[in-house]
Each structure stands twice: as structure tokens, then as C-alpha cells.
Amino acid sequence: MTYLNQRIAGALASVALAGLLASNANAQPAAKPNIIVILSDDMGYSDISPYGGEIRTPTLQKLADNGKIFSQFYNTARCCPSRASLLTGLYSHQAGVGHLIFDTGHIGYGDHLTSDSVTVAEVLKEAGYSTYMAGKWHLAPRSYDPKKDVEHWPTRRGFDKFYGTIAGSGSFWDPSTLCRGETYISPENDPEYKPEKFYYTDALSDNAIKFVSDHEKQSDDKPFFLYLAYTAAHWPLHAPEEAIKEYKGKYDQGYEPVHAARIERLKELNLIPNVSNYAPPVGDWDNVKNKAAEARLMETYAAMVTIMDEGIGRLMETLREEGELENTLIVYLQDNGGCAEDSFGKPRDIKGPAKPMAPDEIQEKAQPTHTRDGEIVRMGYDVMAGPPDTFVAYKENWANVSNAPLRLYKHYSHEGGISTPLIAHWPQAIKTTSGTHIVREPAHLIDLMATFIDVAGAQYPAERKGVKVQPLEGKSLVPVLTGDGDLNRSKPLFFEHESNRAVRDGKWKLVAVAKDGPWELYDMDVDRAETNNLAEKHPEVVKKMAAQWDEWAKRARVLPLGGWEDRRGKKRNDDPPAAGASEVTLKQGEELPVEKSLNLTGKGISIVAEVESGPVEGVIVAQGASIDGFSLFAMDGKIHFVTRHGRKKGDLEIGPIPEGQFTVGARLRPDGHAELWVKAGPERDLTKAPKIVTGKFPGALRQTPAQGIAAGVDIETPVGDYPRGFPFKGKLATVTVETLEK
């Protein structure tokens, strides 16, 4: 389909949407609804028309007009943490992605979803759903070795089909890490999708539509879950010229008139009632040197959003044609507030054009120096955004407009960083009137998993692949969607990103910038823009809410505060010490968080485990991951003792395994001397073991692992060369682990 034909189809779909509800009024309700989550990227609170924006989004407007919209819905202030939270129903640190995709050595700040979290796709799949994803994953290491990292990809976390990108950003004309299923592809060599002109937003819409159409042909007896994660309108600002021209001149007057108009529209929509102060516009249009280039930034940004809306319109038309619109719950939201990032203002010194890329050549650069045709990719404040040979962002001044009337941007826990529109459309169940159209109760990404489980009649599991799963954090939004009740949230909502912190409890919000920033207190009933700090007036409220945040941070893997700054397993000096005890005893299935585990830094360990009965296969005890840690496990008729010292490894094995009850022991001395033994019966004395295997390991453990200890399962990335979790199949009595100083 050509771009022009897509535009015509999008317009027709928008017209058709006006009569969708009437056309399907007599449709028979399905036992379970389809569920579609649409997530856009790096967009502000007031960009789309249902939330006061001048950007043309007729599809989202119609979904909002016939559904519910939330005035105070929250994300996590950044791309990948929001995705982790949305998909798991946990706070992002609990799911292992508290910041960008880096291996920090801290479980809350990792490069993939933890094994003790479960995705909504995994849960709904067990409930009989087909599961599809099109879009940005951003929950796995950026790597070009699928054999190494594919275990963290969508198809390994519950999705039947996937088309999109693994990494967090890239060109819209030639996306980095583009893949289908588990195979990297280029826009030119994809055997299933061959548009006349490739543009990533259209590609995501088209592939999502194909997933739905194919589902109706092949699996119409099952409901489906679709996760459509656009990269619009994340930088770089790329859009077809025809779409940009539609906004020509729209922003020539500069920042302030657009900002003011959005606030007036928000007042008319009653989305910000009883609010008298607003975060002021920033930027002085009179001092902008190249006004044409500056206006072009917002023209391109707006075009990107409109193209996304048109794709959503085509998807809605497909649902209508298939008779599925009435009983499909559609949720639209954004992953963080407007983005003030500005890393592309200076021209790059790139020498000459390059050789054009071959059709099978994969784009490995998120910020390419050349286009696929070999042209130099230009950066700089004078670059006119849009074409493939440009790479620019719209910067703080326009981000402030996107977030009107809120304060600050992506990265921060102030409202401009964490506020998102949320539109929920489900004709079969959502009935609205003028008085119930807007939901004003604060809600959060953690609530979406609980909501989807509720409407699907699914069960949240206790385990995933033998690993005990953390309990859900959120509450189902169904009562406020159907009008049958309130959320009645009993716990505050919490936030942390890059040490920016916040607590939302009722009308009160406590918030701070950076690790050492003072707490600020705001009354959100009258001060959504956070302009009147009440911390000095209500110190008792500050004290109470700060204590709530501290308690949450301890249990939700947020500590150490600032752990996001580490890279590649580097150990911080301010890590909280592990337990002071020199010995722990665990029963099968028991686990301790790292705060209650042993302090292993620079020490050896001694392990004694009593095995009551077989089958003797699986992890006996383990702590850590593939960088630092230890594991005692049984595999292929042998007992194995493995330690990890950074990238170095120690490994011993012993066999055969005795019949019936037996005891196994392992020891690593600080000097690297290692021993492994087994003996029939409950005997725990090493000297009485008939056979001892010895070896030389790299030395004492470098540091206490960022993960806790568990008996009978490995709760994180495997220490040994075995599957995730690898639960022990037999029966353990007790496992004792002791630290050795010498």
C-alpha cells in the first residue's frame, strides 16, 4: 500500500468509526474479550486531541468519546521501565528494569525481565488467548547474536508472534534490531512485508492488522491479546514529506501560543479542574535564530503522531469488519512524558558518502552515520527534520509544550515526567455519560495486568518455570471502567527513576529531584502543576510519606539508590551490606533476598545439603547470576559445584549419585581451593566421605551477588549451564551455607 493510499484508507477508517457502535450493536458477546494495548513513545500529556492537543488524532478522539479517559494515570518516566511495569504488573525495579538496559550488578537495574516476574502475554496465553506483539520491545540486551539473547525476546516471554525492534530507538526508515519472530531482518529482505516505501510506524500498524486478520482466519475460536508498541514520536524526528506538509505553518508563532491554547482546551474538557497555576512555557521564540528549522521540528513531530493515529484507525476498521470491535478492550497510553533530550544539536564530522547497504545487510546502529542508500545522516540545529538523512530531536522548548500544563519532562518524577493519557474503549462493557466520562482516581501501569486478568478470567500464577513469582502490585481498573465502583486503593503509588523519587497518596504527592534533592510536597487537588511547595507547612505529612517511600524502596529492589549508574557488574561502595550472620539454613523452596543473605565479598563458602529422595535433578542451592554467584546442582547423574567470579568460572563435578538418602557437600576456600563430596545417608562429616573431588577455582567470591539465595531453585539468570529456574525434582531436607574467612 502506498503512503497516499494509506492516508486515504486512514481517512475512510476515521469516518467509519463514527458509526461503529451502532453497526455492531447486536453483536453477540464473546466469552472473553480481545485485549489491545497501544503504547506510544516519548509523548506529552496534552499532545493528542482528547487531552487538549492541536495534533490531529481523530481515531483516538473517537475512542475517547466512546470510552473512559483517565486524568491522572501514571507511567515510570522512561521507555523500558514503563514497558517492564506494564507487562508484569510490578514496579519496574521488581521486574529487573529500573533504568535503561544495562547489566549493573543490581537486580533492580538489569538488562532483562527477571525470572520471578511473569508477563501479561504469558498469563493470557495460559487463559486460552493468542498473543501478538508489534513494536518496540526494549527489555533485552541490544545484541546481534540471537542465540545468546533470544531467551529475553518477546517470543520467549509469552508472545506467539512478534514483529518489531528489540532496541529502544533508531531510524524510522531503517530501524535498528528489526526482526520478525526470532530472526533479524532489514526493511528490504522481509519475506512477509514489502511496502512500496518503508516507514516504521506504518509497518507496525500494517503488521498488527495482519496479526488480527490472520487470527480471525486461523484461530477465531480464541480471543487474542495484541500489544502494539509504537516508537512514534521518539526521536529521531522522521516522517514522509507529504505528512509534514499538512502541518506547514502550524507552529510558526512559536511555543507560547500553542502552550496557552492547550491549557484553555484542557479547561474546556474539564481535565484540569480547580487548577489555577500552571508550569509556565519555556523558551523565547524571539531569540530562536532559525525559526523555520525550529518550527519544522514540531511539524514533523505532529506528523508522526497523526500517522500513528491513522494506523490505529485502520486497525479499528479491521476489528469492525471482523465483528470484533464491540467485545475488544482497547487501551491507549504513553510510556513517559515529553522528552527534552538534546544530543543532536552539533553537526557530526563524517567523511563522504558510503557504499549502499545490501538488502540482507542488517542495521546495527541506533544512530547511523549513513542511510541505506549511503547518504550522510545529518545532525544540527539547522537541519530540517523528517528525511532519512536527518537525525534530530525537538528539545526542551517543544517538550514543555507537549507536557502543558505540567512541570518537567521524561526522566523526572514530577508530573511532566510520569503523566500519560489513558483511554479505555470497550463498547460491550464501558457505558459512559457526561458525568462518568473522566476517571479522576490516580492509577498506574501496575494496574493494567490486574485489569487484563480480571476481564479475561485468567489466573495469576504462583510460579513461572519453577520460580516463585512476585505478587501483583496493582488493582483492577474494571470497577471504574464499568461504573460499578471505585478503585479504593489502600496503598500509595511509588516512583523512582535516576534517583528522582515520588509518592502519591490521595491528594498528596511527595517528590524529589536526584539522590540528594529535598522532598517537595504538593496538594494535587489544586496544584497538579506542582507550583506551591507545602513541605515546610506540613512536615508531618513529609515525614510519613518519606518513610513510606523508604519502606517501598527496600522491598521493591530500588536500593541501592543510584544503582542505575553502575555498568556491567561494577560493585558500588555504598551497597547495603548483606546480613551479618555467617551461616544460613534453608528448606526446599525457601529463599532470602540479598539483604538477608550472607555477606560473601572476598570470602569462601561451605555448603552441606541433605537429599531425602529423588529424582535427583535440579538446583540444590544457588545465589547470583552469570557474573557473580555459586550453585550446587544435579544434572545428568552427577553433582556439580559451580562458582562465578566475574567472567571467570570454577567448576567441579562428582558421580555417581548414591541411591536413596544422601548428603552432598561443597567448599570453596578464599585461596581458591575447592572440594566436592557425596556420601550415602545423613552423615555431614566431610572426613567420612568415601570420595572427595578437589580443584583450583579463581579464588574467593568477588562480591555478594545482587540476587538472593534460594534452596531448590535458581531464582535469577542461571549460575550454571542449565535452564532458568531448574527446580529440584526430588526432596531436600535442609541446606546449610556458611561463609569461610580462611
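With 742 residues, this chain would be expected to have a radius of gyration near 27 Å if it were a compact globule, and the chain does have 27 Å, so the two agree. Keep in mind as you look around that this is a predicted model. If you lay the C-alpha trace along its principal axes, it spans about 85 × 65 × 65 Å. Buried residues account for 64% of the 742 residues in the chain. The chain still exposes about 27600 Å², and carbon and sulfur atoms supply 50% of that area.

What is all this built from? The chain has 15 helices and 29 strands. Now think about which parts of the sequence meet. Take the contacts between residues at least 6 apart in sequence: 72% of them join residues at least 24 apart.

Let's start with the helices, and with H10 (291-321) in particular. One of its partners is helix H7, which covers residues 200-218. The two axes lie 9 Å apart, at an angle of about 10 degrees. Angles under 35 degrees count as roughly parallel, so that is the label for H7 and H10. On the H7 side, the residues that meet H10 include Thr201, Ser205, Ile209 and Val212. On the H10 side, they include Ile307, Gly311, Leu315 and Thr318. Does that spacing in the numbers look odd to you? An α-helix has 3.6 residues a turn, so residues three or four places apart point the same way.

Helix H3, residues 58-65, also meets H10. Here the axes come within 7 Å and cross at roughly 55 degrees. That makes H3 and H10 oblique to each other, because 55 degrees falls outside the ranges for roughly parallel, antiparallel or perpendicular. From H3, the contact is made by Pro58, Thr59, Leu60 and Leu63. From H10, it is made by Asp309, Ile312, Gly313 and Met316.

While you are at H3, find Gln61, which sits in this helix. Is Gln61 buried or exposed? With a relative accessible area of 19%, it is buried, because the cut-off is under 20%. Setting aside residues up to four places away in sequence, Gln61 touches Ser49 and Pro50. For a sense of distance, try going from Gln61 to Thr585: they are 524 residues apart in sequence and 59 Å apart in space, C-alpha to C-alpha.

A third helix to link with H10 is H11, residues 395-402. Six of the eight residues of H11 are buried, so the helix is largely enclosed by the rest of the structure. Those buried residues are Lys395, Trp398, Ala399, Asn400, Val401 and Ser402. What do they pack against? Their partners are helix H9 (255-268) and helix H10.

Step back along the chain from H11 and you reach the loop between strand E8 (328-334) and H11, where Asp389 is found. Asp389 counts as buried, at 15% relative accessibility. Apart from neighbours within four places in sequence, Asp389 is in contact with Thr371, Glu375, Ile376, Val377 and Arg378. Take Arg378 from that group: it is 11 residues from Asp389 in sequence, and 5.9 Å away in space, C-alpha to C-alpha.

Now for some strands. Strand E2 covers residues 68-74, and seven of its seven residues are buried, so E2 is largely enclosed by the rest of the structure. Which strands does E2 pair with? With strand E9 (residues 419-425), E2 pairs in the antiparallel sense over five bridges, and Phe73 stands opposite Thr420 there. With strand E10 (residues 438-439), the pairing is parallel over two bridges, and Phe70 has Val439 as its bridge partner. Strand E11 (residues 443-444) also runs parallel to E2, joined by two bridges. In E11, the bridge partner of Phe73 is Ala443.

Last stop: an open sheet of six strands with antiparallel pairing, in the order E18-E29-E20-E25-E26-E27. Strand E18 (583-586) and strand E27 (691-696) are its edges, each pairing on one side only. On average, neighbouring strands in this sheet are turned by 10 degrees against each other, direction ignored. Zoom in on strand E26, residues 673-680, which pairs with E27 in the antiparallel sense over six bridges. Within that pairing, Glu675 stands opposite Thr694 in E27.

Definitions and conventions: Residues numbered from 1 in each chain as written. Predicted model: local features only at pLDDT ≥ 70, side-chain atom pairs only at ≥ 80, totals over all residues. Heavy atoms only, no water. Pairing = 2+ DSSP bridges. Helix = DSSP H or I, 4+ residues; strand = E, 2+ residues; numbered from the N terminus. Axes fitted to C-alpha atoms, helices over the stretch in contact; angles between N-to-C directions. Buried < 20%, exposed > 50% of the residue type's maximum accessible area, 1.4 Å probe, protein only. Contact = heavy atoms within 4.5 Å. Rg over C-alpha atoms; globule rule 2.2 N^0.38 Å. Areas by Shrake-Rupley, 256 points an atom, 1.4 Å probe, with all protein chains shown as cover. Parallel < 35°, antiparallel > 145°, perpendicular 65-115°, else oblique.
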